[in-house]
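Trainee: Please take one part of this model and go through it closely, then place it in its surroundings. I would like the cut-offs stated as you go.

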Amino acid sequence: MPTVPIAAFWDREAAVQAVQLARPMLENSLSIKSVGESGFLHVVIMNPLATPADCDFANAILYEESIGNPEEWDADYGAYARGKARLSWRTGLSSHEILALKPHLLHAKDAPVWGSVCQDGIVVGVSGANPWFDEAFARAVAALFKAVVQGRCDEEFRDR
């Protein structure tokens with residue numbers, strides 16, 4: 001079985017940092033009813049070098065975090081976020097694009113909900129808000145993850 005390449009500038013800590021940077025926005029959104037009424041969010045970030053040819057989905061998850069207490073969830077937002085991330089990881093597309101324009105790429109087990117992105121090869125799924133906000137939050141986390149990694153890369157090359 002193929003192995004996942006070793007990261008050059010990203011790791012789990014980069015994903016943690018991306019979510020920490022997004023956390024104020026994510027936490028502030030929990031009480032805004034137009035964003036979503038659950039009061040919870042779950043974020044899943046995938047290993048950007050792992051592909052379905054390399055490993056199974058569970059082993060490709062780099063990091064996931066709940067915003068709000070999962071013991072109070074009224075639905076399994078973690079499962080929804082992982083399902084959204086799985087769809088984008090498998091296809092390289094946002095879940096909205098697949099559901100709206102490419103339903104022929106859906107598997108029978110895929111949930112018909114959106115809120116994940118594949119942005120520059122970075123897959124992030126979010127669940128708990130309205131899907132358009134889940135997608136916006138996923139895009140923000142993906143952009144922050146990329147910025148953290150770009151900062152590390154810049155630092156490495158600057159120090160040479």
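Mentor: What follows is a look at one strand, then at the packing around it and at a few single residues.

The model is predicted, so local features need pLDDT of at least 70 and side-chain atom pairs count only at pLDDT 80 or more, while totals for chains, interfaces and linings use all residues. Residues are numbered from 1 along each chain as its sequence is written, and side-chain values use heavy atoms, with hydrogens and water left out.

The part is strand β4, residues 122-127. Strands (E, at least two residues) and helices (H or I, at least four) are DSSP runs, numbered from the N terminus. Six of the six residues of β4 are buried, so the strand is largely enclosed by the rest of the structure. Buried means under 20% relative accessible area, exposed over 50%, and partly exposed in between, with a 1.4 Å probe and protein chains only. In a regular strand the side chains alternate between the two faces of the sheet. Here Ile122, Val124 and Val126 point one way, and Val123, Gly125 and Ser127 point the other way.

β4 has pairing partners β1 and β3, where pairing requires that DSSP finds at least two bridges between the strands. β1 (residues 41-46) runs antiparallel to β4 and is joined to it by four bridges, with Ile45 opposite Val124. β3 (residues 116-119) is also antiparallel to β4, again through four bridges, and Gln119 stands opposite Ile122. The hairpin of β3 and β4 has two residues between the strands, and Asp120 takes a positive phi near 55° there.

Next, the packing. A nonpolar core is a set of buried Ala, Val, Leu, Ile, Met, Phe, Trp, Tyr and Cys residues joined through side-chain atoms within 4.5 Å. The largest has 28 residues, and Leu41, Val43, Ile45, Val124, Val141 and Phe145 have the most contacts inside it. Two or more residues come from each of α1 (12-29), β1, β2 (61-67), β4 and α5 (131-158). A second, separate core of 10 residues includes Val123 along with Met46, Phe57 and Ala81.

Contact means heavy atoms within 4.5 Å. Beyond its neighbours within four places in sequence, Val124 has contacts that include Val43 and Ile45, Ser116 and Val117, and Ala138, Val141 and Ala142.

Two helix residues add detail. Ser29 lies in helix α1 and counts as buried because its relative accessibility is 7%. The Ser29 side chain reaches the backbone oxygen of Leu26 at 2.6 Å. Leaving out residues up to four places away in sequence, Ser29 touches Val35, Leu41 and Phe137. Val149, in helix α5, is buried at 17% relative accessible area. With the same sequence exclusion of up to four places, Val149 touches Phe9, Trp10 and Ala14. Val149 and Ala18 are 131 residues apart in sequence, yet 9.5 Å apart in space, C-alpha to C-alpha.

Finally, Phe57 of the second core has the charged end of Arg86 over its ring, 4.2 Å from the centre. The rule for a charge over a ring is NZ of Lys or CZ of Arg within 6 Å of the ring centre and within 35 degrees of the ring normal.

Conventions: A polar contact is a pair of N or O atoms within 3.5 Å; within protein, one must be able to donate a hydrogen and the other to accept it, and residues adjacent in sequence count only if both atoms are side-chain atoms.
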